[in-house]
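Let's walk through this one together, question by question. Have the sequence and the 3D view open as you read.

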Amino acid sequence: MIKENHTMKNEFVLTGFTDHPDLKALLFVVFLAIYLITMVGNLGLVALIFKQCQLHTPMYIFLGNLALVDSCCACAITPKMLENFFSEDRRISLYECMVQFYILCTVETADCFLLTAMAYDRYVAICSPLQYHTMMSKKLCIQMTTGAFIAGNLHSMIHVGLLFRLAFCGSHQINHFYCDILPLYRLSCVDPYVNELVLFVFAGSIEVFTIGSVLVSYVYIVFTIFKMKSKEGRVKAFSTCASHFLSVSLFYGSIFFMYIRPNLLEEGDKDIPAGVLFTIIVPILNPFIYSLRNTEVISVLRKILKKK
């Protein structure tokens, strides 16, 4: 009995979406298709940017890294979710749970900084076009990209390290399809006040800094666009920002839905819809948002297809 209790403390059960057999099969097919499209779309975009020299510009370097991050998010979450559709116990060990959350937290943080870097890139391209190559040098681009991944890993290390101070001696059921930090707080029989405080300080600071930077960039962009005399110039400037703005709206909208809502720690019934939006919908939409509205990417694809 003692051994059984000890085991329960180091394992969790992911409740997932449903227990209905027919619905499980349908959801498996749907999410498998989404996963395959996500991986092909994002990794295809990474390969295209890597191979085509004309796409070796700051905007596309950031976009390639964003696609790579989205691929990592899908790889961390979806395979385990698909496995659990046909698993009887749906168990996940404590260490697997920590690894899954570590990757997710790294992805979230890196996404924030990459989207901010892309907003700054658009600001320089529209507000200071003559100084673009000076202000957005290759060195700065590499520094910003590297900084995004370093920040993501450091942020994850802090929260994962603090999770090990918690004890999970009560219920072992996580009302989710992956391991996230808030469901783990709800299962802890140790007061997670310190964890919550650190999460609020660090995650809040990152969100305020990145959202603030994006908003400031877009304020300057909008003022610059309205000052343009040419209607064609205004349309072109708006179109270059449309994809990024849509991606930012989807990303931060899902983040707010996940982590900023009333009774966040008490209620877990909205975790799954929010998780689907962030970990499944956003990664599959990003490559289409940036590819279908991007004339350079479409032009490169047409050239490749013509050669073949």
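Q: In which sense do S1 and S2 pair, parallel or antiparallel?
A: A quick note before the answer: this is a predicted model, where local features need pLDDT of at least 70, side-chain atom pairs count only at pLDDT 80 or more, and totals for chains, interfaces and linings use all residues. Residues are numbered from 1 along each chain as its sequence is written, and side-chain values use heavy atoms, with hydrogens and water left out. Strands here are DSSP runs (E, at least two residues; helices are H or I, at least four), numbered from the N terminus, and two strands pair if DSSP finds at least two bridges between them. S1 and S2 are joined over 3 bridges, and the sense is antiparallel.

Q: Which residue in S2 stands opposite phenylalanine 12?
A: Strands of a sheet pair through backbone hydrogen bonds, either parallel or antiparallel. Across from phenylalanine 12, the S2 residue is isoleucine 92.

Q: What is the order of the 3 strands in the open sheet?
A: S2 and strand S3 (173–174) are the edge strands, each pairing on one side only. The pairing in this sheet is mixed, and the order is S2-S1-S3.

Q: Which residue is the bridge partner of valine 13 in S3?
A: S1 and S3 run parallel, joined by 2 bridges. Leucine 14 faces isoleucine 174 in S3. For valine 13, the partner in S3 is glutamine 173.

Q: Which helix gives the most residues to the largest nonpolar core?
A: A nonpolar core is a set of buried Ala, Val, Leu, Ile, Met, Phe, Trp, Tyr and Cys residues joined through side-chain atoms within 4.5 Å. This one has 79 residues, and Phe12, Phe31, Leu163, Ile174, Phe177 and Ile181 touch the most other members. With 16 residues, the top contributor is helix H4 (residues 94–127).

Q: Which residues is leucine 163 in contact with, leaving aside its neighbours within four places in sequence?
A: Leucine 163 is one of the core members that touch the most others. Contact means heavy atoms within 4.5 Å. By that rule, the list for leucine 163 is Met98, Phe101, Phe168, Ile181, Leu184, Tyr185 and Asn195.

Q: Is serine 156 buried or exposed?
A: You'll find serine 156 in helix H6 (residues 138–163). Beyond residues up to four places away in sequence, serine 156 touches Tyr102, Cys105 and Thr106. Buried means under 20% relative accessible area, exposed over 50%, and partly exposed in between (1.4 Å probe, protein chains only). Serine 156 has 0% relative accessibility, so the verdict is buried.

Q: How many residues apart in sequence are the parts that arginine 90 and aspartate 19 tie together?
A: A salt bridge is a side-chain nitrogen of Lys or Arg within 4 Å of a carboxyl oxygen of Asp or Glu, and arginine 90 and aspartate 19 form one at 3.0 Å, N to O. Arginine 90 lies in the loop between helix H3 (58–84) and strand S2 (91–93), and aspartate 19 in the loop between strand S1 (11–14) and helix H2 (21–51), so the parts they tie together are apart in sequence by 71 residues.

Q: Is lysine 80 buried or exposed?
A: Lysine 80 forms a salt bridge with glutamate 83, their closest N and O atoms being 3.7 Å apart. Both lie in helix H3, 3 residues apart, about one turn of the helix. Glutamate 83 is partly exposed at 45%. Lysine 80 has a relative accessible area of 14%, so it counts as buried.

Q: What is the N to O distance in the salt bridge of aspartate 121 and arginine 122?
A: Aspartate 121 is buried at 0% relative accessibility, and arginine 122 is buried too, at 10%. Their side chains meet in a salt bridge with an N to O distance of 2.7 Å.

Q: In which helix is tyrosine 193 found?
A: Tyrosine 193 counts as exposed, at 53% relative accessibility. The helix is H8 (residues 193–227).

Q: How far apart are the C-alpha atoms of leucine 140 and glycine 253?
A: Leucine 140 lies in helix H6 and is partly exposed, at 25% relative accessibility. Glycine 253 is 113 residues away along the chain, and the C-alpha separation is 28 Å.
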